[in-house]
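This report looks at one helix and its packing, and then at the surroundings of a bound ligand.

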Amino acid sequence: MTELAADSIVRIVDAVRSALPAAAQKAALHEPFFGGNEWSYVKSCLDEGWVSSVGAFVDRFERDIAQVTGARRAIATVNGTAALHLSLVLHGVVAGDEVLLPSLTFVATANAVAHQQAVPHFCDIDTTTLSLDADKLGAWLDRIVVRREGQCWNRNTGRRIAAVIAVHIFGHPADVARVQQVCDRFGLALIEDAAESLGAYRDGKHTGTTGHCATLSFNGNKIVTTGGGGMIITSDEALAERAKHLSTTAKLPHRWAFEHDAIGYNYRMPNLNAALGCAQLEQLPVFLARKRLLAERYAAALAPVAGVQFMAEPPGSRSNHWLNTLLLDEALGPSRDLLLAALHDAGIAARPAWQLMHLLPMYAACPRMDLPVSESYAQRIVNLPSGVALCPPAPSVAP
Ligand SMILES: *Cc1c(COP(=O)(O)O)cnc(C)c1O
């Protein structure tokens, strides 16, 4: 390591430390924060005996999420991966199809495609959103698509291209309006993976409300948690009804008979988890305000430090600042792991970006476009501790 790199690492660690509360000896990456009605809502499930997949909190949590996002319907699921898998089922993705998605994402996005025996097809990201690059997607489809019987086929692999999944990375909205235009040009369904972006908006629209449907996650590390949980949001009533039916074993409603009209899934969110979710969602405005303040602190602390950039809100967007992110300059890229070690030594549980999907053994042979931005950025991204407990207290927020 050069002296310059060693010096930069010291300065970056100091800057990150200075943005965090002095009292926090250890800063985890993203811990859940329970500051509201969590205990009382969960207790009421136990008191009343409604712990499983039917109960008032499930219905309420769905209504609340629909209201927050502006989607007409919301269907709660056991986790975000199940929500993604079910979305693919609902869009007619079948074994042997290809589904386009970014290589820079959490593995669940690609796994959901594989769970349907379909093939993930990896696309590059743009530098302002770290999400799908709409221009590259359009140019790539122009090159590889052959149209037959109103459908798109990959001329290189002979497989049908069935859908596109756009992922909103780290709580920054993707440019889905432009991705949607590309999808429209090719007649492809757009599913938004909004697992990380509850409370994030682009051009005044909540993430997940541009595509035909979107999925959320309420895993323990997300901005709002149900312990484990997910959601499909959509404004297509028929799709919503089908999602609810298939996620509840496709059981036909009847007072006592058990009959099912399709191969369904046991993907419904339990009431216990939804109770936690309702209490968490009441605090979303406060969480968002506090996370914005922490992002501002990181941005200000890192601004004077050479060799590093803080990932800013993309233009026209209101990010939820789920996971704060810094980007090392190319010269410092090779020193990333030394920075991670120095941050961990200082009690700061920073993390690199996920391994890119096309570099994982099970997806290495999947089709992909050239991925220069993904490959360059994945080497240089460092995610910083971002949990609500580490954020400055909120100025008063209107509920
Ligand atoms: C968390 C996450 C998921 C999956 O959510 P689970 O609830 O953990 O199954 C999917 N995609 C992205 C981008 C995520 O961050």
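Helix H1 (residues 3-19) has 17 residues, which at 1.5 Å a residue should span 24 Å, and its end C-alpha atoms lie 25 Å apart, which agrees; the expected span is 1.5 Å times one less than the number of residues. Helices (H or I, at least four residues) and strands (E, at least two) are DSSP runs numbered from the N terminus. The model is predicted, so local features need pLDDT of at least 70 and side-chain atom pairs count only at pLDDT 80 or more, while totals for chains, interfaces and linings use all residues. Residues are numbered from 1 along each chain as its sequence is written, and side-chain values use heavy atoms, with hydrogens and water left out.

The buried residues of H1 (under 20% relative accessible area, 1.4 Å probe, protein chains only) are Ala5, Ser8, Ile9, Ile12, Val13, Ala15, Val16 and Ala19. They cover an arc of only 165° around the axis, which puts them on the same side of H1; the arc is that of the directions from the helix axis to the C-beta atoms. These buried residues pack (heavy atoms within 4.5 Å) against partners that include helix H10 (284-302) and strand E14 (324-328).

Around the ligand there are 15 residues (a heavy atom within 4 Å), and the closest are Thr81, Asp193, Glu196, Ser217 and Lys222. The table gives polar contacts, pairs of N or O atoms within 3.5 Å.

| Side chain | Distance to a ligand oxygen atom |
|---|---|
| Thr81 | 2.5 Å |
| Glu196 | 2.5 Å |
| Lys222 | 3.3 Å |

Taken alone, the ligand exposes 380 Å², of which the protein buries 93% (Shrake-Rupley method, 1.4 Å probe).

Notes
Buried < 20%, exposed > 50% of the residue type's maximum accessible area, 1.4 Å probe, protein only. Polar contact = N/O pair within 3.5 Å; in protein donor to acceptor, adjacent residues only side chain to side chain.
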